[in-house]
Amino acid sequence: MSIEIDGNSLDVKTEKLNQLKELFPEFFSEGKLNIASIKQILGDEEIAGQDHYELGWAGKAEARREVQRQTTATLLPDREGSINFDTSENIFIEGENLEVLRTLQKSYFGKVKMIYIDPPYNTGSDRFIYPDDYAERLEEYEKRTGQKNGGGYLNKLDLFKKNSKENGRYHSFWLSMIYPRLYLARNLLKEDGVIFVSIDDNEAHNLRHLMSEVFGEENFRNSFAIRRYDKNLNRQFIEQGLKSFNVGFEYILCYSKSDKFSFNPIYRSSSENRQNFGYWKGFWNDADRPTMRYDILGYTPNDGQWKWSKEKALEAVENYEAYLSKHSKTKTLEEYWLETGKKLSFIRRNPNGQGKNKGVENWISPSDGTLRNTNWTDLFASKDDKEFSGLFDFAKNVEVIKNLIVGSGSGTGDIVLDFFAGSGTTAQAVLEMNKEDGENRNFICIQMPEECDLESEVYKSGYKTIADVCSNRLRKVINKISDTNKDKMDFMQSKQSLGFKYYKLAYSNFKKWKSEIGSKEELLKQFEIFKEPLATRPTDSYDLFTELLLKSGVELNAKVERRETDDNVPFYIIKGGQMIYALDSLNNALLKEVEAVKPKVFVTLGNLFTGEKADEQITNWKLQLKESGIEFKII
Ligand SMILES: C[S@@+](CC[C@H](N)C(=O)[O-])C[C@H]1O[C@@H](n2cnc3c(N)ncnc32)[C@H](O)[C@@H]1O
């Protein structure tokens, strides 16, 4: 293993060109893409002509260039804001999402199973980051994206502007805002990953076009309809002339990363049923086929019919009898059902049942019930959830997202990402779904520290930013789940990482190398500046360590062990000993420890070698580590 630590986020253009080169080396000559040879090899019919089908908007070229932009930004761990920082694998990031998506490109490329986002719908009154001045200097941009704001949160007026329908580039601005974010988000998806995006009539048509461009038309899976609360404006509209009906539903568009994705079937069963892991139900169907009126446990109906084929019903009777004879004294039906891991069905006698339930009944597992289609109007898109998000106006319905989580086929070890996190509904859905089905998924939620409206209920209750609202909601949900499980030896809960790591988008800890160096003098000045590579020395070397992890493409959840030598020199061992980082100081005791662990790579800072003999020491360390087969990286 060789790691490249480059201070920048992933160079998306080079990465894509490399992928193309791997697939089609014949398209390249002397390292450059050769359009003429592409045309020759593929023939004219495969090449789009001047007139072709494409979504165009003012600023599209700039939006594409935005994708190429790299950042040197990092994420700063905030241990105090976190819960169980060292053991939890959930991540909450406070920061502007385009910058954060860039910082995650190296470490999370191809690692996310499911993305759900609920971006601003472009209603004409919502605000978002204006992509209207791509030519602005980086300095300005950084100020605008909040990285420079020492106060910790952003000045909403500077950053967010209202995009009103009167604006001549009303759709273009929105498209330019969403395009680079979706593009970078796609990079993060696994091959069998999937993305769901909430949207309404304002941009549904454009979003569909745009997503087909970014994800490929062939990866469009579905457009779901979700119910909206009626606002009862019709009477007023009627009086004024009915220009349009009240909008009764909105959409969730779904695209996969590739054809490797398949849905997990989802059923119209309520969350209570899921929480109870199934329930008994009459084994009856409203149809009336005589061939389906057979004998089960001594009952043969005279009219109507049983629900399943006789073969399946008999098997379900046998399953239940096997459970009764072997396990009923030690396990509940739920435990048995979970333990077998199979979707077992059961039928038992029900002599006391009333009406149709008299006779027999069957065990409905969480996966039984009516298979969902794309009509989800039985569920509201948003929901007042007094306990957790009641104060936040735009909160989505947890139940909808839980269905998506199950439908995505996500399970233990999978990452669910939401980069327009708002009040944190997706995070809550992940935590609750894990509790319900015993899987251990992790979330990454990104939310900008947008100031809460001064007139809003949330602001009046003491939350300054929406990021505060989100992180506090996470704390509440986690506390509630922990409290409910306190007295129980809950065998599923023990697997879960109840907690979250809190990070904040921040400037790099390292000095930025000036890219345009005009003269030898300037170059020498740069070398002088870089004798001390750190812009500021953080009080905790874990900050540096986090940045190096991100920039060397290692996940934030990589297993980290902090050790110290006998004379208190700290070092970090990651991935069970594959890499060691020493970022505080160096001495011989440390060198011995490194040799004993024998990682593949040892990373340290050049300026930790001090004094006149620094260069000589570096050479010695390098040689000694090389002898032990350890790669030596200096930053
Ligand atoms: C419609 S809300 C999402 C609501 C969320 N689904 C919930 O249930 O609470 C969109 C959120 O995205 C945030 N947002 C908008 N632009 C952003 C950006 N560039 N970076 C990070 N967050 C952003 C806004 O602050 C807002 O809270």
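## A ligand and its surroundings

The shell around the ligand splits into nine nonpolar, seven polar and five charged residues. Here Ala, Val, Leu, Ile, Met, Phe, Trp, Tyr, Cys and Pro count as nonpolar, Asp, Glu, Lys and Arg as charged, and the others, Gly among them, as polar. This is a predicted model, so to speak of local features takes a pLDDT of at least 70, side-chain atom pairs count only at pLDDT 80 or more, and totals for chains, interfaces and linings use all residues. Residues are numbered from 1 along each chain as its sequence is written, and side-chain values use heavy atoms, with hydrogens and water left out.

In total, 21 residues surround the ligand (a heavy atom within 4 Å of it). The closest are Glu-96, Lys-396, Ser-423, Thr-425 and Glu-450. The table lists some polar contacts, meaning pairs of N or O atoms within 3.5 Å.

| Ligand atom | Protein partner | Distance |
|---|---|---|
| nitrogen | Glu-96, side-chain N or O atom | 2.8 Å |
| oxygen | Lys-396, polar backbone atom | 2.7 Å |
| oxygen | Gln-447, side-chain N or O atom | 2.8 Å |

On its own, the ligand has 600 Å² of accessible area (Shrake-Rupley method, 1.4 Å probe), and the protein covers 95% of that.

Now for a sheet. Five strands line up as S18-S19-S20-S21-S22 in an open sheet with mixed pairing; strands are DSSP runs of E with at least two residues, numbered from the N terminus, and two of them pair if DSSP finds at least two bridges between them. At the edges sit S18 (560-564) and S22 (631-634), each pairing on one side only.

Methods:
A polar contact is a pair of N or O atoms within 3.5 Å; within protein, one must be able to donate a hydrogen and the other to accept it, and residues adjacent in sequence count only if both atoms are side-chain atoms. Helices (H or I, at least four residues) and strands (E, at least two) are DSSP runs, numbered from the N terminus.
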